[in-house]
Amino acid sequence: MAIRDTVKRAEQLVETSMKGNDASHDASHVWRVRDLALSLAREEGLSSNPDSMEIVELAALLHDVGDYKYLRDPSEEKLVENFLEEEGIAESKKIKILSIIKGMGFKDELAGVGNQEFTPEFGVVQDADRLDAIGAIEFFGLGIARCFTFGGNRNSVLHDPAIQPRLDLSKEQYMKKEEQTTVNHFHEKLLKLKDSMKTKAGLRRAEKRHKVMEEFLKQFYAEWDGKA
């Protein structure tokens with residue numbers, strides 16, 4: 001019962017702290033990542049360990065709370081750590097949850113952090129978050145919708161053939177707010193996510209979603225060039 005109460009309070013924290021975010025990183029995104037992470041965890045055989053499932057659920061719920069892209073106040077960086085402390089989460093679990101959250105970002109992968117050894121709990125949470133970035137619901141990919149929502153929120157140019165994607169992207173370049181197009185984000189990040197999956201269950205799903213993006217871009221470029 002205690003862990004379910006903590007989960008409910010974590011859900012409340014998500015709703016209040018992420019209320020002003022655009023739809024690419026809002027509470028609905030978090031609910032999808034939580035559900036995906038728990039589903040992947042079951043497929044990967046973690047459901048026999050209640051502690052692992054608790055770590056997965058809390059890390060998935062809290063992974064975007066205090067995200068650097070949406071910080072309104074420096075104190076928000078400590079929201080997750082303070083929450084876990086107030087909830088009395090065991091130190092061993094707290095360390096694992098914070099480690100997952102701090103290491104799962106794409107910027108960390110670019111810096112080489114993602115190449116280090118990882119726990120099964122880390123794998124399913126990161127895979128779930130990345131699957132939502134390339135997600136497919138019906139023909140129009142949910143991940144595609146998130147990409148354009150985020151680009152619109154940042155007033156990014158939709159597409160400019162003169163602006164080439166940065167294929168050898170560094171962490172510093174990724175975090176720097178310089179002129180880029182929304183379509184280039186597919187080449188700089190989204191099309192790379194399939195090969196970064198940490199679990200077999202995540203890779204199976206990613207392969208299907210990756211094809212949706214490829215088909216979308218093929219159609220997009222054809223329409224842009226007046227060929228479709």
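**Exercise 1. Contacts along the chain**
Take contacts in the chain between residues at least 6 apart in sequence. Find what percentage join residues at least 24 apart.

*Solution.* Keep the contacts between residues at least 6 apart in sequence; of these, 69% join residues at least 24 apart. Remember that the model is predicted.

**Exercise 2. Helices and strands**
State how many helices and how many strands the chain has. Then write its pattern along the sequence.

*Solution.* Step one: count the elements. The chain has eleven helices and zero strands. Step two: read along the sequence. The pattern is α-α-α-α-α-α-α-α-α-α-α.

**Exercise 3. Cover and surface**
Give the percentage of residues that count as buried. Then describe the area that the chain exposes.

*Solution.* Start with the residues. The chain has 228 of them, and 48% count as buried. Now turn to the surface. About 12,000 Å² is exposed. Carbon and sulfur atoms supply 50% of that area.

**Exercise 4. Helix 7**
Compare the reach of helix 7 with the expected value. Then decide: is this helix mostly covered or mostly uncovered?

*Solution.* Locate the helix: residues 120-133, 14 residues. From first C-alpha to last, helix 7 reaches 20 Å. At 1.5 Å a residue, 20 Å is expected, so the reach is close to expectation. Next, check cover. In helix 7, 13 of the 14 residues are buried, and the helix is mostly covered.

**Exercise 5. Glu85**
Place Glu85 in its helix. Is Glu85 buried or exposed? Which side chain does its side chain touch in a polar contact?

*Solution.* Glu85 lies in helix 4, residues 79-86. Its relative accessible area is 52%. The cut-off for exposed is over 50%, so Glu85 is exposed. Finally, the side chain of Glu85 makes a polar contact with the side chain of Lys94, at 2.5 Å.

Definitions and conventions: Residues numbered from 1 in each chain as written. Predicted model: local features only at pLDDT ≥ 70, side-chain atom pairs only at ≥ 80, totals over all residues. Heavy atoms only, no water. Helix = DSSP H or I, 4+ residues; strand = E, 2+ residues; numbered from the N terminus. Buried < 20%, exposed > 50% of the residue type's maximum accessible area, 1.4 Å probe, protein only. Contact = heavy atoms within 4.5 Å. Areas by Shrake-Rupley, 256 points an atom, 1.4 Å probe, with all protein chains shown as cover. Polar contact = N/O pair within 3.5 Å; in protein donor to acceptor, adjacent residues only side chain to side chain.
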